[in-house]
Amino acid sequence: MPLNTNNPKRKSWLTVPKDSDFPIQNIPFGVFLTKEDVITIGTRIGDYAIDLGALQQLNYFDGIDLTDDMFMQDTLNDFISDGKKTWRQVRNRISDIFEQNNPTLRDNQEHRDIVIFKMEDVEMQLPVLIGDYTDFYSSKEHATNVGKMFRDPANALLPNWLHIPVGYHGRSSTIVPSGIPVHRPMGQTLPNGESTPVFGPSRSIDFELETAFITTDANIMGENIPISEAEDYIFGMVLLNDWSARDMQKWEYVPLGPFLAKNFASSISPWIVTMDALEPFRCKGPNQEPMPLPYLQQKGKNAFDINLEVYIEPENVEPSLVSKSNFKYMYWSMSQQLAHHTSNGCRINSGDMMGSGTISGPTPDSFGSMLELTWGGKNPIKMNDGSERKFINDNDTVTMKGFCKNSSVRIGFGEVSNKLLPPFVRK
C-alpha cells in the first residue's frame with residue numbers, strides 16, 4: 001500500500017506553522033480529553049487536535065474495516081492490534097481528508113466544529129494502556145561512559161554488551177504523559193564512607209534521554225519473531241524521559257539491577273509517531289563489531305536520523321539547553337531489540353513499550369544524562385540564570401524534544417516536559 005501521506009508536496013487546508021513538528025506528512029496518534037470531558041482518540045496537524053472518534057461517527061472512514069467504536073476509546077490498544085495494513089489505511093485517509101484541495105470536511109463548518117480543536121483546548125492523556133515496559137541499554141557511548149565511571153576504564157563494556165541488546169523489565173504503573181509532575185523519591189542510599197544505609201530523599205535525580213517504541217500483538221508464548229519481520233510489529237515511537245535516582249541506584253542495583261531508583265517515574269510524549277512517518281529518515285547505524293549472532297544480523301538502513309534535545313528550566317527562569325544528541329547513534333536497532341526480546345519465546349502484546357536506553361553521542365555535549373554531562377557531579381552545568389546543576393533540583397522542569405528534518409519536510413514528536421516536585425507528603 002503506497003504511503004501517500006509521506007508525499008512532501010502535500011499541504012493541508014489547516015494552517016501549519018513553519019517548522020511545526022506536525023505537518024500533514026506526520027499524522028501521529030494520541031488520546032486527548034476535550035473541554036466537554038470527552039476522551040477520544042485523535043491525531044494532530046499543526047496546532048490542531050483532530051477528533052478521530054467524531055470523524056468515525058460522521059462516516060469519514062467508510063470502506064476501512066474498523067469496529068464501530070474503534071476511535072471512541074480511551075486507549076489506542078485496539079487500533080494498534082489491527083496491524084500495519086489498517087494503520088496505513090487510516091493514516092492515508094486522514095491525510096486525504098485534510099489535503100488542501102479536498103472540500104468534503106473543509107467546506108462543512110458544522111462537521112469542522114465537531115472534529116477540530118485547538119491544542120490549548122485539549123488535555124493530552126497516556127496514549128496506550130502499557131501492560132509491560134522494557135528498558136534497553138543500547139547506546140555504546142552511554143554504556144562506555146558509565147563503565148568508565150563505575151568500573152575499569154580500560155574495560156568499560158561488560159563482556160556481553162557487544163553480543164546482546166542488554167535490557168531489564170521496568171514498571172508500567174508509573175509511566176505518565178508530558179505535563180504530569182514527578183515527585184522526588186524517597187529511598188535507601190549509602191553515604192560516602194559509611195557502611196550503614198540511610199533512608200531519605202534521593203539527592204541525585206537525573207533524566208535519561210530516550211525514545212521508546214510501542215508494539216502491536218506480535219506472537220504467542222514460545223514463538224520468536226525473526227529479525228526480518230520485527231519492524232512489522234512496531235507501531236511507532238515516543239520520546240521517553242526515564243527518570244533515575246542515581247544515589248539509590250548505586251546502592252541497590254547489585255546483584256539484580258535497576259529497581260526503586262528507576263520505577264518511581266517515566267515520562268513519555270503523548271503523540272505516537274508512526275514508523276511510516278519516519279520512513280524518509282532511515283539511515284545506517286553504527287558498525288557492529290564483532291558481528292552479532294545470526295538471529296540478530298541485519299543489513300541496510302535500520303537506524304533513524306532523529307535529532308534530540310534536552311532543556312532544564314529552573315522555576316521562573318529561561319530554559320537552558322544541556323544536551324543535543326541523535327537516535328542514529330544507537331548501537332542496537334529496534335528490530336534487534338525486539339528480535340532478541342522474543343528469542344526465548346517471550347510474548348509481546350499491543351501497547352507494550354520498549355525504551356531505547358539513554359541515548360548518548362560521541363561528544364560531551366551529546367551525552368544523554370546528567371550523570372555523564374557532569375561526570376558524576378564533578379563538573380556542574382551552568383544554567384542561564386547563573387545557577388549550577390550537578391543533578392536535577394526540586395521545581396526544575398526537564399523538557400525533551402525530538403524531530404527529523406530534511407530539505408523537504410520536518411517530522412517531530414513535540415515534547416515530553418515534566419516538573420520535579422519535592423517528595424510527596426501525606427496529609
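His142 is buried in this predicted model, with a relative accessibility of 4%. That value falls under the 20% limit for a buried residue. The residue belongs to helix H6, which covers residues 140–150. An active site annotation for His142 comes from its UniProt record, an unreviewed entry. Once neighbours within four places in sequence are set aside, the contacts of His142 are Tyr137, Thr358, Ser360, Ser369 and Glu372. One of these partners, Glu372, falls within helix H10 (370–373).

Helix H10 also leads to the nonpolar interior, as it is among the elements that each supply at least two residues to the largest nonpolar core. That core has 51 residues, and the members with the most contacts inside it are Phe207, Met237, Leu278 and Phe327. Other elements that each give at least two residues include strand E13 (209–215), strand E14 (234–241), helix H8 (275–278) and helix H9 (334–341). Strands E20 (307–313), E25 (397–405) and E26 (410–421) are also on that list. E26 makes the largest contribution, with four residues.

Leu278 shows how such a core residue is surrounded. Not counting residues up to four places away in sequence, Leu278 touches Met237, Val273, Phe304, Cys404, Ile411 and Phe413. Among these partners, Cys404 falls in the range of E25, while Ile411 and Phe413 fall in the range of E26. A separate core of 41 residues lies apart from the 51-residue one, and its members include Ala54, Ile80, Phe235 and Ile272.

Helix H9 is mostly covered, with eight of its eight residues buried. These are Met334, Ser335, Gln336, Gln337, Leu338, Ala339, His340 and His341. E25 is likewise described as mostly covered, and seven of its nine residues are buried.

The strands E20, E25 and E26 also belong to an open sheet of five strands, ordered E9-E26-E25-E20-E21 and mixed in its pairing. Its edges are strand E9 (182–183) and strand E21 (320–326); each has a single partner strand, so one side of each lacks a neighbour in the sheet. From the E9 edge inward, two bridges join E9 to E26, and these strands run parallel. In this pair, His183 has Leu421 of E26 as its bridge partner. E26 then pairs with E25 in the antiparallel sense over eight bridges, with Met400 opposite Val416 in E26. A hairpin of four residues connects E25 to E26. On the next step across the sheet, seven bridges join E25 to E20, again with the strands antiparallel. Here Tyr311 stands opposite Thr399 in E25.

Two charged side chains sit over aromatic rings in this region. Lys401 lies over the face of Tyr311, at 5.0 Å from the ring centre. Arg410 is placed over the face of Phe403, at 3.9 Å from the ring centre.

Another open sheet has five strands in the order E4-E3-E2-E1-E5, with antiparallel pairing. Strand E4 (116–118) and strand E5 (123–124) are at its edges, and each has a single partner strand, so one side of each is left without a neighbour in the sheet. E4 is joined to strand E3 (residues 48–51) by three bridges, with the two strands running antiparallel. Within this pairing, Ile50 stands opposite Ile116 in E4.

The aromatic rings give a further view of the structure, which holds 11 aromatic pairs. One of them is formed by Phe61 and Phe71, whose ring centres are 5.3 Å apart; their planes meet at 50 degrees, so the pair is tilted. Both residues lie in the loop between helix H1 (52–57) and helix H2 (77–81), so the pair ties together parts that are 10 residues apart in sequence. Phe61 is buried at 4% relative accessible area, and Phe71 is buried at 0%. The two residues are part of one aromatic cluster, together with Phe29, Phe79, Trp87 and Phe235. Phe235 also links this cluster to the interior described above, being among the residues of the 41-residue core.

Notes. Residues are numbered from 1 along each chain as its sequence is written. This is a predicted model: local features need pLDDT of at least 70, side-chain atom pairs count only at pLDDT 80 or more; totals for chains, interfaces and linings use all residues. Side-chain values use heavy atoms; hydrogens and water are left out. Rings of Phe, Tyr and Trp (its six-membered ring) pair if their centres lie within 6.5 Å; planes under 30 degrees apart count as stacked, over 60 as edge-to-face and the rest as tilted. Buried means under 20% relative accessible area, exposed over 50%, partly exposed in between (1.4 Å probe, protein chains only). A charge sits over a ring if NZ of Lys or CZ of Arg is within 6 Å of the ring centre and within 35 degrees of the ring normal. Two strands pair if DSSP finds at least two bridges between them. UniProt positions are given in the numbering used here, feature names are shortened, and annotations may be inferred rather than shown by experiment. Contact means heavy atoms within 4.5 Å. A nonpolar core is a set of buried Ala, Val, Leu, Ile, Met, Phe, Trp, Tyr and Cys residues joined through side-chain atoms within 4.5 Å.
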